Amino acid sequence: IDYETALQTFKVNTLGPLMLIKHLTPFLPRKSTSLASSSSLPTRATIALMSARVGSISDNNSLGGWYSYRASKAAVNQIVRTFDLHLRNMSGEKAMAVGLHPGTVKTGLSEEFWGNVKEGKLFEAEWVAGRLVEVLRGLEVERGRGRCWDWEGKEIAP
């Protein structure tokens, strides 16, 4: 474990999203906000942070390793949960926070793992982005909020 690499991982994966919600919170609706009704717009605001299945503590049963990456994504899941509790008080059902796991996306970040990915589980970025938007559209506030969801719309346990 290299200290500087681990610190950079936390800066990007955990502190970046934390600063994002800090600066986006003033733009989120309050309980008293009247939202415009539109068939093309969602009925609530959603803050979606990028997580990963490897950030699930309960799902870490066989591989181990990737200490700083796993820990940084577990921290993202905690941020999602904690921020969503804040949104419940501030916005009621007008805003929620969720974590999203895109699966293994065909980018430079995952290139060294492509050979180990099961057939049909290595995704193009554009395809998985569309899937994640569909997952967000399908989430009901009470069922979806404060949790992490994968590209198939399945909940990832904390």
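This is a short walk through the structure, one selection at a time.

**Before you click**

You're looking at a predicted model, where local features need pLDDT of at least 70 and side-chain atom pairs count only at pLDDT 80 or more, while totals for chains, interfaces and linings use all residues. Residues are numbered from 1 along each chain as its sequence is written, and side-chain values use heavy atoms, with hydrogens and water left out.

**Stop 1: colour by confidence**

Start with pLDDT, the predictor's confidence in each residue, from 0 to 100. The protein chain has a mean pLDDT of 91, and 99% of its residues reach 70 or more. Now look at the elements: helices (H or I, at least four residues) and strands (E, at least two) are DSSP runs, numbered from the N terminus. Helix α1 has the highest mean pLDDT among the elements, at 98, and strand β3 (residues 104-105) the lowest, at 78.

**Stop 2: Met19 and its patch**

Stay on helix α1 and pick Met19, which sits in this helix. Met19 is partly exposed, with a relative accessible area of 40%. For that wording, buried means under 20% relative accessible area, exposed over 50%, and partly exposed in between (1.4 Å probe, protein chains only). Add Leu15 and Leu18 to the selection: with Met19 they make a nonpolar surface patch of about 240 Å². Patches are made of residues with over 30% relative accessible area and no salt bridge; like charges are joined within 9 Å, and nonpolar side chains (Val, Leu, Ile, Met, Phe, Trp, Tyr) within 5 Å. The areas themselves come from the Shrake-Rupley method with a 1.4 Å probe, and for residues only the protein chains shown count as cover.

**Stop 3: Leu28**

Next, go to Leu28, in the loop between α1 (3-24) and β1 (45-50). Is Leu28 buried or exposed? At 11% relative accessibility, Leu28 counts as buried. Show its contacts (heavy atoms within 4.5 Å): leaving out residues up to four places away in sequence, Leu28 touches Ala45, Ile47, Phe83, Leu87 and Met90. If you'd like to try the distance tool, Leu28 and Val76 are 20 Å apart, C-alpha to C-alpha, and 48 residues apart in sequence.

**Stop 4: Ser91**

Select Ser91, found in helix α2 (residues 67-91). Ser91 is buried, at a relative accessible area of 1%. What does Ser91 touch, not counting residues up to four places away in sequence? Pro29, Arg30 and Lys31. Zoom in on Pro29: its backbone oxygen lies 2.4 Å from a polar atom of the Ser91 side chain.

**Stop 5: Arg145**

Arg145 is in the loop between α4 (141-144) and β5 (148-150). This arginine is buried, with a relative accessible area of 1%. Its contacts, not counting residues up to four places away in sequence, include Leu87, Gly92, Met96 and Val98. Look for polar contacts here (pairs of N or O atoms within 3.5 Å; within protein, one must be able to donate a hydrogen and the other to accept it, and residues adjacent in sequence count only if both atoms are side-chain atoms). The Arg145 side chain reaches the backbone oxygen of Ala95 at 2.9 Å.

Now turn to salt bridges, each a side-chain nitrogen of Lys or Arg within 4 Å of a carboxyl oxygen of Asp or Glu. The side chains of Asp84 and Arg145 form one (2.8 Å, N to O). Asp84 lies in helix α2 and Arg145 in the loop between α4 and β5, so this pair ties together parts that are 61 residues apart in sequence. Both partners, Asp84 and Arg145, are buried. Arg145 also meets Glu142 in a salt bridge (3.8 Å, N to O), and Glu142 is partly exposed, at 44% relative accessible area.

**Stop 6: Lys154 and the wider set**

How many salt bridges does a search of the whole structure find? There are 8. One more to display joins the side chains of Lys154 and Glu152 (3.5 Å, N to O). Elsewhere, salt bridges that share partners join Asp84, Arg88, Glu142 and Arg145 into one network.

**Last stop: Arg53**

Finish at Arg53, in the loop between β1 and α2. Arg53 is partly exposed, with a relative accessible area of 29%. Its side chain makes a polar contact of 2.8 Å with the side chain of Asp150. Beyond residues up to four places away in sequence, Arg53 touches Asp59, His101, Asp150 and Ile156.
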